[in-house]
Amino acid sequence: MGAKAKKALKKKLQKISTPLPVSSNRESADFLPLEGGPPRKLPEQKSLEKGATVLYIGRIPHGFYEKEMEEYFNQFGKIRRLRIARNKKTGNSKHFGFIEFEAPGVAEIVADSMHNYLLFEHLLQVHVIAPEHVHPKLWRGYNYKRNPVDWVQIERKKQNKERTLDSHKKLVENIMKRDRKRKKRIEAAGIEYECPEIVGNIQPAPKKIKFDDE
């Protein structure tokens with residue numbers, strides 16, 4: 001080994017054995033680099049909401065409703081309340097809902113396990129709701145056993161409704177108006193067709209045929 005090589009090797013050994021400079025944030029550093037340099041600190045991770053018990057669940061597939069959700073999520077812990085947002089008029093699901101567990105901390109475990117979980121071709125969106133962000137009216141009107149809308153009864157009432165002379169007159173006028181528009185469309189299309197005449201005389205409303213409730 002030549003003199004120059006020995007001198008270079010000596011400089012490298014001195015550089016490696018030189019102590020690191022003392023930094024003001026050295027004590028708070030998470031780790032020090034092996035080859036020297038300033039100390040580094042890991043990025044802070046978001047702390048879990050230890051007292052959170054409420055979960056938001058989005059993209060709920062069709063058929064996965066209150067009963068099915070309770071049976072499925074009971075494997076993580078006891079459920080206090082469960083609610084799926086539904087249309088007030090039709091009662092259909094809006095495909096998102098909320099679950100509240102009794103034991104605190106269970107919500108974080110469910111969110112970590114079920115977020116982006118593929119269920120019936122839907123990726124569930126599960127997020128923890130912090131206690132201070134839970135709306136006080138979230139569980140208003142909560143009813144687990146929801147009664148479906150009785151459309152048969154609604155149509156029965158509509159059919160059995162008594163019509164007055166004015167309502168019957170308005171009904172006939174609407175029919176005549178639609179008939180005139182239909183004739184204009186047929187003529188514009190170049191089709192030769194004689195539409196049957198509709199008698200527009202206003203007569204007393206005919207009696208409605210009532211259906212039994214049974």
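Me: In this predicted model, which residue forms a salt bridge with R182?
Reply: Happy to start there. The closest N and O atoms of the pair are 2.4 Å apart. Both residues sit in helix 5 (residues 165-188), three residues apart, so about one helical turn separates them. The salt-bridge partner of R182 is D179.

Me: Are R182 and D179 buried, partly exposed or exposed?
Reply: Buried means under 20% relative accessible area, and exposed means over 50%. R182 has a relative accessible area of 36%, so R182 falls in between and is partly exposed. D179 comes to 5% relative accessibility, so D179 counts as buried.

Me: Which residues are joined into one network by salt bridges that share partners?
Reply: Let's build it up pair by pair. The side chains of E100 and R80 meet in a salt bridge at 3.1 Å, N to O. Another salt bridge, at 2.7 Å, N to O, brings together the side chains of R81 and E100. With partners shared in this way, the network consists of R80, R81 and E100.

Me: How many residues apart in sequence are the parts that E100 and R80 tie together?
Reply: The two residues belong to separate elements, with E100 in strand 3 and R80 in strand 2. Their salt bridge therefore ties together parts of the chain whose separation in sequence is 20 residues.

Me: What is the relative accessibility of E100?
Reply: It helps to look at its two partners as well. R80 counts as partly exposed at 43% relative accessibility, and R81 is partly exposed too, with a relative accessible area of 27%. E100, by contrast, counts as buried, since its relative accessibility is 6%.

Me: How many salt bridges does the count come to?
Reply: We have already met some of them, including the R182 and D179 pair and the R81 and E100 pair. By the rule used here, the count comes to six.

Me: Why is strand 1 (residues 54-58) described as largely enclosed by the rest of the structure?
Reply: Good one to check by eye. Strand 1 pairs with strand 3 (residues 93-101) in the antiparallel sense, through five bridges. Strand 6 (residues 125-129) also pairs with strand 1, again antiparallel and over five bridges. Strand 1 is called largely enclosed because, of its five residues, the number buried is four.

Me: Which residue in strand 6 is the bridge partner of V54?
Reply: Strand 1 has bridge partners in two strands that you can trace in the viewer. In strand 3, L55 is partnered by I99. In strand 6, the partner of V54 is I129.

Me: Which element gives the largest share of the largest nonpolar core?
Reply: This core has 19 residues, and I57, M69, F73, I99 and F101 touch the most other members. The elements giving two or more residues are strand 1, helix 2 (66-73), strand 2 (79-86), strand 3 and helix 3 (106-114). The largest share is five residues, and the element that gives it is helix 3.

Me: Which residues does I99 touch, not counting those up to four places away in sequence?
Reply: Contact here means heavy atoms within 4.5 Å. On that basis, the residues I99 touches are T53, V54, L55, I57, M69, F73, I79, R81, L82 and W139.

How values were computed: Residues are numbered from 1 along each chain as its sequence is written. This is a predicted model: local features need pLDDT of at least 70, side-chain atom pairs count only at pLDDT 80 or more; totals for chains, interfaces and linings use all residues. Side-chain values use heavy atoms; hydrogens and water are left out. Buried means under 20% relative accessible area, exposed over 50%, partly exposed in between (1.4 Å probe, protein chains only). Two strands pair if DSSP finds at least two bridges between them. A nonpolar core is a set of buried Ala, Val, Leu, Ile, Met, Phe, Trp, Tyr and Cys residues joined through side-chain atoms within 4.5 Å. A salt bridge is a side-chain nitrogen of Lys or Arg within 4 Å of a carboxyl oxygen of Asp or Glu.
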